[in-house]
Amino acid sequence: MGWRNAFDNSKPVFVAVYATVIVGILFSSLYVISAIYSGKAATFSATSFQNNVGSSSLEQAPNVSQPAIVQGVPTPKLESRNVSMRPIWEAPPRTKKMPRLKTFRLTKELVQQRVKDNVVIVTFGNYAFMDFILTWVKHLTDLGISNLLVGAMDTKLLEALYWKGVPVFDMGSHMSTIDVGWGSPTFHKMGREKVILIDSILPYGFELLMCDTDMVWLKNPLPFLARYPEADVLTSSDQVVPTVADDRLDIWQQVGAAYNIGIFHWRPTDPAKKLAKEWKDMLLADDKIWDQNGFNDLVRKQLGPSVDGESELVYAYDGSLKLGILPASIFCSGHTYFVQAMYQQLRLEPYAVHTTFQYAGTDGKRHRLREGMVFYDPPEYYDAPGGFLTFKPSIPKILLLEGQHTVESHFALVNYQIKQIRTALAIASVLNRTLVMPPLWCRLDRLWFPHPGVLEGSLTRQPFLCPLDHVFEVNVMLKELPVEEFGPQINIREYSFFDNPLMPKQVKDSWLEVQLCQEGIRDCLASNNTSPSGVLRFPKRSSEETLKTVFSSFKDVKVIQFSSMQDAFLGFADKIREERFRNRMKRYVGIWCCVAEHTPGHIFYDMYWDEKPGWKPIPPQNPQDDHPPP
């Protein structure tokens, strides 16, 4: 019994040790269970995007990866977490491999993880539009909105967005990573993918705010959309004439333009789901139908009557769908925002801008957004090697403000500016600097059909600050042309460049003012001596060699600003370089369109109009003349 007495005497100690061991086991068990379940939550899966249409949630069982074994207590950064629920812009640890591709397939569970107040905001694209997509996401997150998702049409984009911490899913499109071009067969395929996506998400029961990548959000739209809970679909439009002067929906009876599917909000109602399915079936049955035309044809099959006198909605489609048209003044097109500035004139706050009504393709869209200071570029964009060149444009009052607004007065105004820009481009080429384009003034709007100068009923002011793509071929200016034919590349920036809040202080503070003067008068010498106030006086009509010699002393200055470009440059000394520069310049300008009384009705701008005595702005007189000026 000695052993029993020993046990009895040691019982309190044993119980204490035993309890400690039991507690330790319990805590260890809880930790392991927690790690397993958090590991399960760290991945999501489904069937592929296109194969997912019509499948049930039972067919979309999550594909769970094995949780990593972690020694000790994990830090918050290493804590296993659902991929889609990681805060936006929080990049996943590079120490971990990217999840398998099927992890990113579209499912109701995946969308549910991003939904807030039953709403999800979605865009999609391929790698060529990655900078647009990042801009789109950045605007939303800056507005405090996180219930968003991006559909990736190629794996290159999917991987890039994943590593940047952007919620992304695989659309299974296997699309090319390059810019496909507006109107191309691949472009139309992208449109069909949008319709398939809408038809896939609506059955999940969530509201869907569907957006193109070439638009940005300027104000949180969700409270506005929530004002119309009875609406099945709220769509933007190409309307250019205001139907309301406040922030109500546009008056449907007065909207004659197409409904634009670059911004539209869908609720998961039966009429909306029926419309989405019929729209999808229509496009898949006929690859010649443009997605937007198909939407308009279906919605307008029946239009009216109004739902009631107060809702601002209209019965459409099959008579049961309740449709609302977003006001074009604040859900802006490229025309109501960049040309009319309708929201400013009506003293309203814009919610969005969509880069429609523009020219020069994707490059033109990007440049428009940069002009509006709503595009996010990397820091190096604002501090280019070699520095920047800018100048103060000079326009006589008679050209800008006096007389009638005619084709002749429009071209007189634009040509006067073109000549100054031509000189600035030459000096930028000599100094190997990036030219910051000046604001460009126009008297007449540019469209793709005959018009009287501005659209009747629109709020376009004359003159108006016109986008660069109204006159210049922005896509050509930004393209790498062969040096042996066109000389060295001349980089450009938008006119609002120095006003952008993203402009770094070290660039703003490194500035040289150049005052053009008449050689021979006092203190007008070709030297690098600046005045006590830091101004450099520089002779007009200086040669290429003089420019290089004097400004080589200021190569570390970030910005050189000329007081004018009139008679600033004598010309290139080397005839081959001069010829290459001229070849480049001739391709930089586009057309104005269009006069009504002639076919074709467009008129070519001419960068060297001043060298052609008697030059007049007239359309091509025959098919042989219908080409850019020689």
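This report describes the sheet of a predicted model and some of the helices that pack in it.

## The sheet

The strands form an open sheet of nine, arranged in the order β3-β2-β1-β4-β7-β6-β10-β9-β8, and their pairing is mixed. At the edges lie β3, covering residues 168-170, and β8, covering residues 303-306, each of which pairs on one side only. From one strand to the next, the twist averages 35°.

At the β3 edge, strand β2 (residues 148-152) runs parallel to β3 and is joined to it by three bridges. Within this part of the sheet, V150 has V168 in β3 as its bridge partner.

## Helices on the sheet

Helix α4 lies across β1 (119-125), β2 and β3, and its direction runs at about 155° to that of β3. Helix α8, made of residues 291-299, also packs on the sheet, where it touches β6 (233-237), β7 (259-266), β8, β9 (314-316) and β10 (321-325). The direction of α8 makes about 65° with that of β7.

## The pair α3 and α4

Besides lying across three strands, α4 (residues 155-164) meets helix α3 (residues 130-142), and the axes of these two helices come within 11 Å and cross at roughly 35°. The crossing in which α3 passes α4 is right-handed.

On the α3 side the contact is made by M130, I133 and L134, while α4 contributes L157, A160, L161 and K164. Sorted by class, the residues in this contact of α3 with α4 are six nonpolar and one charged, with no polar residue among them.

Methods. Residues are numbered from 1 along each chain as its sequence is written. This is a predicted model: local features need pLDDT of at least 70, side-chain atom pairs count only at pLDDT 80 or more; totals for chains, interfaces and linings use all residues. Side-chain values use heavy atoms; hydrogens and water are left out. Axes are lines fitted to C-alpha atoms, for helices over the stretch in contact, and angles run from 0 to 180 degrees between N-to-C directions. Helices (H or I, at least four residues) and strands (E, at least two) are DSSP runs, numbered from the N terminus. A crossing is left-handed if the near helix is turned anticlockwise from the far one by less than a right angle, and right-handed if clockwise. Contact means heavy atoms within 4.5 Å. Ala, Val, Leu, Ile, Met, Phe, Trp, Tyr, Cys and Pro count as nonpolar, Asp, Glu, Lys and Arg as charged, and the others, Gly among them, as polar. Two strands pair if DSSP finds at least two bridges between them.
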